[in-house]
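Thank you all for making the time this morning. I would like to take you through one model, and I will ask you to keep the sequence and the coordinates in view while I talk.

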Amino acid sequence: MAKAARESQPRTSVWLESRAHRRRGGGGQPSGLDRARIVEVTVRLLDAEGLSRFSMRRLAGELNVTAMSVYWYVDTKDDLLELALDEVMGEMRLPDPDADEDWRDQVRALAREYRTLLVRHRWVSALVGVFLNIGPKNLAFSRAVQHVVRRTGLPANRLTSAIAAVFQFVYGYGTLEGHLSARAAAGGMTVDEYFQQALSTANAAPQAADVLQESQEIMAARGGDTVAEMLERDFEFALELLIAGIEAMVAREREA
């Protein structure tokens with residue numbers, strides 16, 4: 001009964017169940033295959049085809065093995081997705097905690113790295129929060145974020161709020177930017193072509209005319225000849241607003 005109860009409980013994380021680095025015992029493992037190779041190809045497929053089209057059968061075909069061969073190295077598709085998520089988190093360049101750098105520059109660097117990751121791997125945003133994200137590479141990122149935000153001068157009870165303000169903003173921005181890129185690619189267009197088509201379509205809707213006119217005035221004032229330039233200008237200034245907000249709150253705490 002106790003064993004059945006344990007088996008019926010949902011798994012919390014591949015990193016908590018001693019499977020992150022385990023291969024099933026016994027003979028019969030396919031030659032020329034290992035977990036690192038499986039995760040590498042998983043990431044490549046997710047980048048190329050998206051999360052909705054990914055399957056263990058599709059992965060096995062890409063590896064030129066049977067689907068059962070993959071299960072020598074991972075127990076479930078979720079385990080594999082969690083491993084892939086942690087793998088790409090390791091692509092971010094993290095600041096040196098002992099470097100003599102201003103915390104503002106380190107916040108900027110971390111925010112830019114996270115945004116780049118979300119845009120490069122559009123499937124990541126759909127998995128963040130689905131898993132516990134306690135793999136070693138994600139924990140290194142979390143540790144770097146905490147270390148930098150501690151250096152802002154905010155009191156301990158405000159640190160999680162500051163982290164949320166900056167990195168949930170980056171998450172949302174990078175996710176929407178990734179959606180834009182995906183929609184353009186699905187239509188066989190560049191992002192600039194898709195953007196112009198979307199504007200033309202919206203301009204044909206009478207109910208949207210007033211709002212679009214106001215938006216175009218704002219966008220013209222912001223500037224940028226391409227969508228990439230527009231996105232970059234908006235991101236950088238929004239990030240500066242958040243940093244300025246942290247500075248203002250630190251000053252307020254000191255005056256209290």
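I will begin with confidence, go on to the overall make-up and the core, and finish with one helix.

What you have in front of you is a predicted model, and its mean pLDDT is 89, with 90% of the residues reaching 70 or more. That confidence is not evenly spread, since helix 6 has the highest mean, at 98, whereas helix 1, residues 2–8, has the lowest, at 45. Over residues 1–8 the pLDDT stays under 50, and for that stretch the model has zero contacts beyond four places in sequence, and I will therefore say nothing further about it.

As for the make-up, the secondary structure comes to twelve helices and zero strands. Of the 256 residues, 36% count as buried, and the protein exposes about 14900 Å², of which carbon and sulfur atoms supply 53%. If we take the contacts between residues at least 6 apart in sequence, 71% of them join residues at least 24 apart.

Now to the interior: which residues touch the most other members of the largest nonpolar core? That core holds 59 residues, and the ones in question are Ile38, Leu59, Val70, Leu80, Tyr114, Trp123 and Phe141. Helix 12, residues 227–255, gives the most to this core, with eight residues. Let me stay for a moment with Tyr114, which, leaving aside residues up to four places away in sequence, touches Met92, Val128, Phe141, Phe167, Val170 and Tyr171.

One of those partners, Phe141, is also among the buried residues of helix 8, together with Asn138, Ala144, Val145, Val148 and Val149. Looking down the axis of helix 8, we find these buried residues within an arc of 125°, so they line one face of the helix. The face turned away from that buried side carries two exposed residues, Arg143 and Arg150. And what do the buried residues of helix 8 pack against? They pack against helix 5 (77–89), helix 6 (103–120) and helix 9 (159–186). As for its geometry, helix 8 covers residues 136–150, which is 15 residues, and it reaches 21 Å from the first C-alpha to the last, close to the 21 Å expected at 1.5 Å a residue.

I will stop there and take your questions.

Terms used:
Residues are numbered from 1 along each chain as its sequence is written. This is a predicted model: local features need pLDDT of at least 70, side-chain atom pairs count only at pLDDT 80 or more; totals for chains, interfaces and linings use all residues. Side-chain values use heavy atoms; hydrogens and water are left out. Helices (H or I, at least four residues) and strands (E, at least two) are DSSP runs, numbered from the N terminus. Buried means under 20% relative accessible area, exposed over 50%, partly exposed in between (1.4 Å probe, protein chains only). Contact means heavy atoms within 4.5 Å. Accessible areas come from the Shrake-Rupley method with a 1.4 Å probe; for residues, only the protein chains shown count as cover. A nonpolar core is a set of buried Ala, Val, Leu, Ile, Met, Phe, Trp, Tyr and Cys residues joined through side-chain atoms within 4.5 Å. The expected span of a helix is 1.5 Å times one less than its number of residues. The arc is that of the directions from the helix axis to the C-beta atoms. pLDDT is the predictor's confidence in each residue, from 0 to 100.
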